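I opened a fresh page for this one and kept my notes in the order I looked things up.

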Amino acid sequence: MGDHRSGASRVRIRQPVDPAQPASNRAPGASMGVEVAECIGSSSRPARQLAPRCNGAVLRTPHLWKECRASLQASPCNKYWNPLLTISALIVAAGRGQRMARDTPKQYLPLRGRAVLAHTIDALLASPLISHVRTVIHADDQQLYETALQGTTDDRILPPVPGGTTRSASVALGLQSLSAQAPDHVLIHDAARPFCPVDLIERVIAPLDQCDGAFAALPVVDAMWKAVDGYATTPVDRTGLWRAQTPQAFRYDAILSAHQQLPTPVADDVEVARLAGLTVQIVGGDERNFKITLPADLDRAERLIDGDF
C-alpha cells in the first residue's frame, strides 16, 4: 500500500484482494478499490469516517464526500480509479411489499426517523465509485418518494422514473432511462436492503473488467428440505447453492440488451443475464446486507442501527 501526496490531499492506494472472499475473511485493512486517506480542507479524518455511521447505516455528508471523490479522481498514481469510467446505481423501488402487511410500501416505512429507501440511497452514495443513483418507483409513489428524500442532497441523485408491472419490467425501464448517462457499468440494488457496505459495492464492481456481471451471494449452510402442506418430503443437496443478494453489477450495454431480449419475467437480473448467455461471477456477500421483507425484519434493522444486534 502506498501514499501519493499532491498539494493538500493524500490518497492511499489499497492493494486488491480476491473479490469472491467475504469481508470477514480478509486481512485487516484489505480493500478492493481505493480509499481517500486524508482530505485536508473540510476535514483531515480518514475518508471512511467522513460519512458518519450509525453501526452500519451510512449517514451521508455529501460536500465532504464530493471533495474527497474529486481528490481521488485527480490522483495520477491511482491505478484502480479510472476517471473515464462511469458507474450508475439503479434502485428498484416499485414493489408493493405485500408480505410486510402495511398500508405503506416497505421502502417508505420509517426506520429510526428516516425512510428505508433513504437509508438505501445513502448506502450507495457512500461509495465514491458511484457516478449516479436513479430509483425506479411505482407510478403512484411520487409523493412518498419526495417525502422520503427530504433532507437528502447529492448531485449524483437523478430524478426517479416509473416502473412496470413486474420487477423485470421495472429494471428494464430503469436501464433504458440511463441511456442519457450511458454508464459503463450499472449496479442494480433492492430498495429494501439499506445496509449495503461500501466494500461490497467495490467487490461486485471489481470483476467487471473480466466478465459481464457479478453479484453478492452467501453460501447455503443450513439443511434444505422440500415440503408439501407443511410436512417435510425430500432433502435438497445444498452443495453449490448460494443465497443471492443485491447489488448485482453488470456492464451496462450487456444487461440492457439482455433485458430487451427477455421473453418473460424472471426472479432477478442474474437470471436475465444468464438467459442471454452472459458470464456472471459470484462474490462473497454480507449478512448485514439483508432484505427487509417481514415485520420482524424492521425490528432487526432497528437493532442493527442501535448497535444491539
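Which hand does the crossing of α5 and α7 have, left or right? I started there, and I kept in mind that this is a predicted model. The answer is left-handed: α5 passes α7 that way. The contact uses S168, V171, A172, L175 and Q176 on the α5 side, and Y252, I255, L256 and H259 on the α7 side. I sorted these contact residues by type and got 6 nonpolar, 3 polar and no charged.

Next I checked the geometry of the pair. The two axes, α5 and α7, come within 10 Å and cross at roughly 135 degrees. That makes α5 oblique to α7, because an angle has to be over 145 degrees to count as roughly antiparallel.

**The rest of α5**

I then went along α5, which covers residues 167-177. Its buried residues are S168, S170, V171, A172, G174, L175 and S177. What do they pack against? I found two helices, α7 (252-260) and α8 (269-275), plus the strands β6 (87-93), β9 (132-137), β10 (161-162) and β11 (185-190).

**A stop in β9**

Since β9 was on that list, I picked T135, which is in this strand. Is T135 buried or exposed? T135 counts as buried, because its relative accessibility is 1% and the cut-off is under 20%. Leaving out residues up to four places away in sequence, T135 touches I91, A93, L117, I121, Y145, P160 and V161.

**The loop between β6 and β7**

Two residues caught my eye here: K106 and R102, both placed in the loop between β6 and β7. I looked up K106 and found 11% relative accessibility, so K106 counts as buried. Apart from neighbours within four places in sequence, K106 is in contact with G97, M100, V116, A192, K291, I292 and T293. From K106 to V116 I noted 10 residues in sequence and 7.4 Å in space, C-alpha to C-alpha.

R102 came out at 43% relative accessibility, so R102 counts as partly exposed. Not counting residues up to four places away, R102 touches L109 and L298. I also looked up R102 and P295: they are 193 residues apart in sequence, yet their C-alpha atoms are 8.9 Å apart.

**Backbone oddments**

Where is there a cis peptide bond? I found one joining T246 and P247, with omega at about 15 degrees. P247 is in strand β15, residues 242-251.

I also noted positive phi values in residues other than glycine. A182 has phi near 45 degrees, and its place is the loop between α5 and β11. At 48% relative accessibility, A182 counts as partly exposed. D229 has phi near 55 degrees and belongs to the loop between β13 (224-228) and β14 (231-236). D229 counts as exposed, because its relative accessibility is 73% and the cut-off is over 50%.

**Whole chain**

Last, I stepped back to the totals. How many helices and strands does the protein chain have? I got 9 helices and 16 strands. The chain has 309 residues, and 51% of them count as buried. The exposed area is about 14,400 Å², with carbon and sulfur atoms supplying 52% of it. Of the contacts between residues at least 6 apart in sequence, 70% join residues at least 24 apart.

Terms used. Residues numbered from 1 in each chain as written. Predicted model: local features only at pLDDT ≥ 70, side-chain atom pairs only at ≥ 80, totals over all residues. Heavy atoms only, no water. Buried < 20%, exposed > 50% of the residue type's maximum accessible area, 1.4 Å probe, protein only. Helix = DSSP H or I, 4+ residues; strand = E, 2+ residues; numbered from the N terminus. Contact = heavy atoms within 4.5 Å. Areas by Shrake-Rupley, 256 points an atom, 1.4 Å probe, with all protein chains shown as cover. Axes fitted to C-alpha atoms, helices over the stretch in contact; angles between N-to-C directions. Parallel < 35°, antiparallel > 145°, perpendicular 65-115°, else oblique. Left-handed = near helix turned anticlockwise from the far one by under 90°. Nonpolar A, V, L, I, M, F, W, Y, C, P; charged D, E, K, R; others polar.
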